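Subject: The model for you to look at

Hi,

Here is the model I said I'd pass on. Have a look at it first, then read my notes underneath.

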Amino acid sequence: MAVKTEMGLEDLFIDTLKDIYYAEKQIVKALPKMAKAAQDPSLKAGFEKHMGETEVHIERLEQVFEIIGKPARGKTCDAILGILEEGKSIMEDYKGTIALDAGLIAAAQAVEHYEMARYGTLRTWAEQLGYADAAKLLETTLLEERTTDQTLTKLAEAGGDNAKAA
Ligand code: FE
Ligand code: FE
């Protein structure tokens with residue numbers, strides 16, 4: 001009787017790593033455009049800071065691929081392409097308006113939430129698969145994504161206050 005070869009958690013882990021690796025590489029290309037578009041200097045600085053962090057996220061993923069003994073390769077992630085496309089539309093449609101920064105923050109938070117979902121899952125799977133060092137790397141990035149999201153929330157709230165004062 002033929003033994004059925006099944007895809008396991010390890011395969012799912014690798015596929016999902018490829019997904020976020022592809023996504024991070026798209027994000028690092030989008031962030032300079034978002035920084036350029038941002039009107040509030042704090043938001044601009046926030047995007048620039050996260051650009052540097054994102055470069056490190058890519059390096060950490062390469063370390064994770066090394067730990068599991070697989071080549072670092074991306075796999076098209078339709079979700080991030082869609083989220084970034086929406087961000088691009090906001091930049092075009094709200095260019096020169098008072099709502100532009102609010103739209104940029106919303107677009108960026110959608111990106112961060114996607115990343116948080118992925119890194120949370122990957123961290124847990126790495127633990128379950130016995131890759132403790134990989135889990136630590138993924139957790140470190142997860143915390144940076146979460147901090148970025150919280151910073152964006154504060155900027156959104158400050159922007160709302162400014163709008164009310166104006
Ligand atoms: Fe990231
Ligand atoms: Fe991020």
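Below is what I found, starting with the ground rules and then going through the metal site and the helices.

This is a predicted model, so local features need pLDDT of at least 70 and side-chain atom pairs count only at pLDDT 80 or more, while totals for chains, interfaces and linings use all residues. Residues are numbered from 1 along each chain as its sequence is written, chains are lettered from A and ligands numbered from 1 in the order in which they are written, and side-chain values use heavy atoms, with hydrogens and water left out.

Let's start with the metals. Which residues hold the iron ion (ligand 1)? Its protein donors are Glu-24 (OE, listed twice), His-57 (ND1), Glu-115 (OE) and Glu-145 (OE), at 2.1 to 2.5 Å. A donor here is an N, O or S atom within 2.8 Å of the metal (3.2 Å for Na, K and Ca); water is not among the atoms, so sites may look incomplete. Along the chain, these donors follow the spacing E-x32-H-x57-E-x29-E. His-57 sits in helix H2 and Glu-115 in helix H4, so this pair ties together parts 58 residues apart in sequence. (Helices are DSSP runs of H or I, at least four residues, and strands are runs of E, at least two, numbered from the N terminus.) Both His-57 and Glu-115 are buried, where buried means under 20% relative accessible area, exposed means over 50%, and partly exposed is in between, using a 1.4 Å probe and protein chains only.

The iron ion (ligand 2) has His-50 (NE2), Glu-112 (OE, listed twice), Glu-115 (OE) and Glu-145 (OE) as protein donors, lying 2.0 to 2.7 Å from it. Their spacing in sequence reads H-x61-E-x2-E-x29-E. Glu-115 bridges the two iron ions, which are 3.3 Å apart. His-50 belongs to H2 and Glu-112 to H4, so here the pair links parts 62 residues apart in sequence. His-50 is buried, at 3% relative accessible area, and Glu-112 is buried at 3% as well.

Now for the helices themselves. How do H2 and H4 pack? H2 (residues 41-67) and H4 (residues 100-128) meet at about 20 degrees, with axes 13 Å apart. Axes are lines fitted to C-alpha atoms, for helices over the stretch in contact, and angles run from 0 to 180 degrees between N-to-C directions. That angle makes H2 roughly parallel to H4; under 35 degrees counts as roughly parallel, over 145 as roughly antiparallel, 65 to 115 as roughly perpendicular, and the rest as oblique. The residues making this contact include His-50 and His-57 of H2 and Glu-112 and Glu-115 of H4, with contact meaning heavy atoms within 4.5 Å.

Helix H1 (residues 9-37) also packs with H4: their axes come within 10 Å and cross at roughly 160 degrees. H1 and H4 are therefore roughly antiparallel.

One last spot to click on is Ile-67, in H2. Ile-67 is partly exposed, at 37% relative accessibility. Leaving out residues up to four places away in sequence, Ile-67 touches Tyr-131, Asp-133, Ala-134 and Leu-137. The C-alpha atoms of Ile-67 and Ala-106 are 35 Å apart, with their positions 39 residues apart along the chain.

Cheers
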